[in-house]
Amino acid sequence: MIKSLNLINHYFHNLINEEKMQDLIKETPSIVSTRSAAITDVSIISTQLFKKSKMVTFKVTGSTGKTYKVVFYFKDKNDIWGEIKVYCSCPYTKWWGPNWNSKIEGYRLWTMGKDLPPDIRDPKREHKVCKHIISAFKRLYTGEMSKKK
Ligand SMILES: [Zn+2]
């Protein structure tokens, strides 16, 4: 009972911010960051504004030429450095840990498929984000589009 309550509290806890995302990228095996550096085709395909929040959707081309959808949700539409949630449509996110880890740590925007812990593919829960999210993150936060307050 207590355990599940904690999990629920954790799940509905604050979203993460840009700084926490930097930490998650560091916690993810470095090969994922290395692979993200090889991605050159990252573009924003839409920005949806809501009353308070906004969602930015990217198209990211992976190494095999397949394109994936990456979505960043900003709780405050005027502050990309504030609280965020993320999503990527790639199989790595779905099967290798990020789908589960992002749920547990509060930055999952949408679920993908069955909600099962990745006990075989990511037993240590190290796979926090995929390379597509890293490349979109870099585009957003270190690109010409933004300046830190
Ligand atoms: Zn991905």
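Helices and strands here are DSSP runs numbered from the N terminus, a helix being at least four residues of H or I and a strand at least two of E. Keep that numbering handy for the stops below. The model on your screen is a predicted one.

**Stop 1: the whole chain**

Start with everything shown as a cartoon. You should find six helices and four strands, and if you walk along the sequence, they come in the pattern α-α-α-β-β-β-β-α-α-α. Of the 149 residues in the protein chain, 28% count as buried. Among contacts with a separation of 6 or more, 56% are made by residues 24 or more positions apart.

Now color by pLDDT. The chain has a mean of 87, with 86% of its residues at 70 or more. Select residues 5-12, where pLDDT stays under 50. For that stretch, the model has four contacts beyond four places in sequence.

**Stop 2: the sheet**

Select the four strands together. They make an open sheet in the order 1-2-3-4, paired antiparallel. Which strands stand at the edges? Strand 1 (42-49) and strand 4 do; each has a single partner strand, so one side of each has no neighbour in the sheet. Neighbouring strands are turned by 15° against each other on average, if you ignore direction.

If you switch on backbone hydrogen bonds, remember what they do here: strands of a sheet pair through them, either parallel or antiparallel.

Zoom in on strands 1 and 2. A hairpin joins them through four residues, and the two strands, which run antiparallel, share seven bridges. Pick L49 and look across to strand 2: K54 stands opposite.

Next, move over to strands 3 and 4. This antiparallel pair is joined by five bridges. Click Y73 and you'll find K85 of strand 4 opposite. Click V70 and its bridge partner in strand 4 is C88.

While you're here, look at the two edges again. Are the residues of strand 1 mostly covered or hardly covered? Hardly: the count of buried residues among its eight is zero. Strand 4 is mostly covered, with four of its five residues buried.

**Stop 3: helix 6**

Select residues 131-142, which are helix 6. This helix lies across strands 1, 2, 3 and 4, running at about 55° to strand 3. Try a distance check between its end C-alpha atoms: at 1.5 Å a residue, the 12 residues should span 16 Å, and the ends are 16 Å apart, which agrees.

How many of the residues of helix 6 are buried? Nine of 12, so "mostly covered" is the right label. Show side chains for K131, H132, I133, I134, S135, A136, F137, R139 and L140; these are the buried ones. Notice that K131 and R139 are on that list. The cover over these buried residues includes helix 2, helix 3 (30-37) and strands 1, 2, 3 and 4.

Stay on A136 for a moment. Leaving out neighbours within four places in sequence, A136 is in contact with V42, F58, V60, V70 and F72.

**Stop 4: the nonpolar core**

Several of those names come back here. The largest nonpolar core has 26 residues, and the ones with the most contacts inside it are V70, F72, I84, C88, C130, I133 and A136. Select those seven as spheres. Then color the contributors: helix 2 (18-27), strand 2 (54-61), strand 3 (67-74), strand 4 (84-88) and helix 6 each supply at least two residues of the core. V70 and C88, the bridge partners from the sheet stop, are both on the most-contacts list.

**Stop 5: two arginines in a loop**

Finish in the loop between helix 5 (98-104) and helix 6, where R125 lies. Check its backbone: phi is positive, about 60°, although R125 is not a glycine. R125 is partly exposed, with 15 other C-beta atoms within 10 Å.

R121 lies in the loop between helix 5 and helix 6 too. Is R121 buried or exposed? With 11 C-beta neighbours inside 10 Å, R121 counts as exposed, since the limit for that label is 12 or fewer.

Last click: select R121 together with W95, W96 and G97, the residues it touches once you set aside those up to four places away in sequence. R121 and W96 sit 25 residues apart in sequence, yet their C-alpha atoms are 5.4 Å apart in space.

How values were computed:
Residues are numbered from 1 along each chain as its sequence is written. This is a predicted model: local features need pLDDT of at least 70, side-chain atom pairs count only at pLDDT 80 or more; totals for chains, interfaces and linings use all residues. A nonpolar core is a set of buried Ala, Val, Leu, Ile, Met, Phe, Trp, Tyr and Cys residues joined through C-beta atoms within 7 Å. A residue is buried if 20 or more other C-beta atoms lie within 10 Å of its own, exposed if 12 or fewer, and partly exposed in between; C-beta atoms are placed from the backbone. Two residues are in contact if their C-beta atoms, placed from the backbone, lie within 7 Å. pLDDT is the predictor's confidence in each residue, from 0 to 100. Two strands pair if DSSP finds at least two bridges between them. Axes are lines fitted to C-alpha atoms, for helices over the stretch in contact, and angles run from 0 to 180 degrees between N-to-C directions. The expected span of a helix is 1.5 Å times one less than its number of residues.
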